[in-house]
Amino acid sequence: MKDWNGNGNSIWKTLGASNHADNERQNDDYYATDPIAIDKLVKAVKLPRYIWECACGERHLSNKLEGLGYIVCSSDMIKRCYCMIELDFLKQQVRPFIERMAIVTNPPFKYAKEFVLKALELLDDGELCCMFLKLTFLEGKRRYKDLFSKYPPKKVLVFSERVLCAKNGDFEGMKQGGGSAVAYAWFIWEKGYNVNTTIEWI
């Protein structure tokens, strides 16, 4: 007989909720992304040489991109390591590169819509905004009205295997705790694109 009782932890994992209690959230919404997410992205999307990682945390994604040969500007509201710029992305009026670039990041989820809109404001036509987001980001009347109805993503790249997002960058602690049941995808916007969204699996 299977035990279907579970516990509080399993319930929240099943629901895919990483924000079920305020006191369990990281104060600055800092959840580091496993760099394997970049490996999946670059196989599916051709990125330009210049990348702005605008919510870089401790540079997990930036380091991976640089290791693959990209030139990366790493910034965040909080300076967690020396090799980054401290700034509020949502208040920026200028971009770090005049060259063709892409914005690639895992934004704070509660400001994800605002990050996408700001990225599209700062990018030039044809440039890419690549956001690592929960699949549940597709839901919601407000997101549809403010974002998807006006600026549909060109692609949603769904991970066929779960990718970890670790509170405070503690990947080992998360693995020991059983990992995560939250489903993520890369949402890819191309500035100026306004047709249909395609879904692919990576």
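User: What makes S6 and S9 a pair, and in what sense do they pair?

Analyst: Two strands pair if DSSP finds at least two bridges between them. S6 and S9 have seven bridges and run in the antiparallel sense, so the requirement is met. Within this pair, phenylalanine 132 stands opposite tryptophan 186 in S9. The model is a predicted one, in which local features need pLDDT of at least 70, side-chain atom pairs count only at pLDDT 80 or more, and totals for chains, interfaces and linings use all residues. Residues are numbered from 1 along each chain as its sequence is written, and side-chain values use heavy atoms, with hydrogens and water left out.

User: How many bridges join S5 to S6, and do they run parallel or antiparallel?

Analyst: S5 and S6 run parallel and are joined by four bridges. Here alanine 102 stands opposite leucine 128 in S6.

User: Which strands stand at the edges of the sheet, and why?

Analyst: The sheet is open, with eight strands in the order S4-S3-S2-S5-S6-S9-S7-S10 and mixed pairing. Strand S4 (85-86) and strand S10 (198-201) are the edges because each has a single partner strand, leaving one side without a neighbour in the sheet. The chain as a whole comes to six helices and 10 strands. These are DSSP runs numbered from the N terminus: H or I over at least four residues for a helix, E over at least two for a strand.

User: Why is S6 called largely enclosed?

Analyst: A residue is buried under 20% relative accessible area, exposed over 50% and partly exposed in between (1.4 Å probe, protein chains only). Seven of the seven residues of S6 are buried, so the rest of the structure largely encloses this strand. Over the 202 residues of the chain, 45% count as buried.

User: How do you know on which side of H2 its buried residues lie?

Analyst: In helix H2 (residues 36-44) the buried residues are Ala37, Ile38 and Leu41. They cover an arc of only 95 degrees around the axis, taken from the directions from the helix axis to the C-beta atoms, which puts them on the same side of H2. An α-helix has 3.6 residues a turn, so residues three or four places apart point the same way.

User: What covers that side of H2, and how does H2 lie on the strands?

Analyst: The cover of the buried residues includes strand S1 (31-33), helix H3 (60-67), strand S5 (101-105), strand S6 (128-134), strand S7 (155-158) and strand S9 (184-190). Contact means heavy atoms within 4.5 Å. H2 lies across S5, S6, S7 and S9, at about 40 degrees to S9. H4 also packs on the sheet, touching S2, S5, S6 and S9, and its direction makes about 175 degrees with that of S6. Such angles run from 0 to 180 degrees between N-to-C directions, with axes fitted to C-alpha atoms, for helices over the stretch in contact.

User: What makes a set of residues a nonpolar core, and which members touch the most others in the largest one?

Analyst: A nonpolar core is a set of buried Ala, Val, Leu, Ile, Met, Phe, Trp, Tyr and Cys residues joined through side-chain atoms within 4.5 Å. The largest has 28 residues, of which Trp52, Phe89, Ile103, Met131, Phe137 and Trp189 touch the most other members. H4 gives the most to this core, with six residues. Apart from this core lies another, of 25 residues, among them Leu47, Ile51, Val104 and Tyr184.

User: How do you know whether cysteine 54 is in a disulfide?

Analyst: A disulfide is a pair of cysteine sulfur atoms within 2.5 Å; by this rule the count is zero. For cysteine 54, the nearest cysteine sulfur is that of cysteine 129, 7.8 Å away, so cysteine 54 is in no disulfide. Cysteine 129 is in none either: its nearest cysteine sulfur, that of cysteine 130, is 6.7 Å away. Cysteine 54 is buried at 2% relative accessible area, and cysteine 129 is buried at 0%.

User: Are arginine 59 and threonine 136 buried, partly exposed or exposed?

Analyst: Arginine 59, in the loop between S2 and H3, has 5% relative accessibility and therefore counts as buried. Leaving aside neighbours within four places in sequence, its contacts are Glu66, Ser74, Cys81, Cys83 and Met84. Threonine 136, in the loop between S6 and H5, has 37% and is therefore partly exposed. With the same neighbours left aside, threonine 136 is in contact with Phe109 and Arg143.
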